[in-house]
Amino acid sequence: MLDKNDFTPLYIQLYRQLRLKIVNGEYIQGEAIPSETEMMKLFDTTRGTIRKALSLLVNEGLVHQVRGKGTFVRLSPLQYSITNFGGFTDYLKNRNELAVSKVLEQNRVTIDGTEYYQLTRARGVQKEDSVTYLMIDTSLLPVNLFPDLDKNNFENESLYKILREQYRVKPTRSEVSLSPILIDDQMRNILELNGEEVALLKAEGNVYDQNNRKIEKVKIVYAPTIEFNIMTSINSAK
């Protein structure tokens, strides 16, 4: 139930309760949460309050709404990692937004005797006639696993879609660490930073496929506008 004597707005109270049910796994991935009519009875509140709460969950990426069918959980609570490193294009597609990529560097490099494709891109979202870049990511992919990968146009095609469709490789797991990185001129120009910021958040690590092979070394530098929603299980025996 919602506490009408609490200073916290009712839609925020409802949002928090629904979010907790998703994070705790009470509402699971792909499952429909109660309808607006059902929640009006469950929480003794108005349809407007429910819609405001659902809007927050949609914006956070925890649910998606299907016209005529309902609202469905879209994000599973994570078990052993601190961030979800899925494909950026797929993520924005699920939000009905248009992903934009700008290739900054594309070549071959040799590291510790292994040849890699190196691909550095600015990744952003297009809204109306403008593009806002949200991150700069660098991928290193073994040449021996992905022959002729560099023949693709990575400004128009999703890297992970290419891996799935051309090479039958499905990125399924990542292990990354988060740390600060000092801002250089390229970051400042592309991410449109002012002179006040001195450091950004960097995620760096490895991506593995369905056969537990390491298929990508990745580094992503995030714009300060990015928000992180970190969900993980806690061992109650601690």
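These are my notebook entries on the confidence, strand pairing and internal cavity of this structure.

**Entry 1. Confidence**

I began with the confidence values, since the model is predicted. I noted a mean pLDDT of 84 for the protein chain, with 85% of its residues at 70 or more. I then asked which element has the lowest confidence and which the highest. Helix 4 (residues 88-94) is lowest, at a mean of 62, and helix 2 (residues 36-43) is highest, at 93. I marked residues 76-84 separately, as their pLDDT is below 50. In the model, this stretch has 19 contacts beyond near neighbours in sequence. I added a caution to the page: predicted coordinates should not be read in detail where pLDDT is low.

**Entry 2. The six-stranded sheet**

I next traced the order of the strands in the sheet. Six strands form an open sheet, and I wrote down the order as 3-4-5-8-7-6, with antiparallel pairing. Why is one side of strand 3 and of strand 6 left without a neighbour in the sheet? Strand 3 and strand 6 (171-182) stand at the edges and each has a single partner strand, so one side of each remains unpaired in the sheet. For the twist, I recorded an average of 20 degrees from one strand to the next.

**Entry 3. Pairing at the two edges**

I looked up strand 6 and its partner, strand 7 (residues 199-209). The two run antiparallel and are joined by 11 bridges. Within this pairing, I found Leu178 opposite Ala203 of strand 7.

At the other edge, I found 13 bridges between strand 3 and strand 4, again in the antiparallel sense. Leu98 has Gln126 in strand 4 as its bridge partner. I also checked how strand 3 leads into strand 4: they form a hairpin with two residues between them. In that turn, Asp112 has a positive phi of about 50 degrees.

**Entry 4. Strands 1 and 2**

I turned to strand 1 (residues 63-66) and strand 2 (residues 70-73), which pair in the antiparallel sense over four bridges. Val66 has Gly70 in strand 2 as its bridge partner. Three residues lie between the strands of this hairpin, and I noted that Gly68 takes a positive phi near 85 degrees.

**Entry 5. The cavity**

How many cavities of 30 Å³ or more are there? I recorded one, and the space in the largest cavity is about 60 Å³. I listed its lining as Gln106, Asn107, Tyr117, Gln118, Leu119, Leu141, Leu149, Asp150 and Phe154. By class, I entered five nonpolar residues, three polar and one charged.

I then asked which strand gives the most to this lining. Strand 4 does, with three residues. Strand 3 (98-111) and strand 4 (114-127) each supply at least two residues of the lining. I therefore cross-referenced this entry to the hairpin that strand 3 and strand 4 form at an edge of the sheet.

Methods:
Residues numbered from 1 in each chain as written. Predicted model: local features only at pLDDT ≥ 70, side-chain atom pairs only at ≥ 80, totals over all residues. Heavy atoms only, no water. 1 Å grid on protein atoms, 1.4 Å probe; cavity = no way out; pocket = protein on both sides within 12 Å on 5 of 7 lines; lining within 4 Å. Points joined across faces, edges and corners; volume = space filled by probe spheres on them. Nonpolar A, V, L, I, M, F, W, Y, C, P; charged D, E, K, R; others polar. pLDDT = per-residue confidence, 0-100. Contact = heavy atoms within 4.5 Å. Pairing = 2+ DSSP bridges. Axes fitted to C-alpha atoms, helices over the stretch in contact; angles between N-to-C directions.
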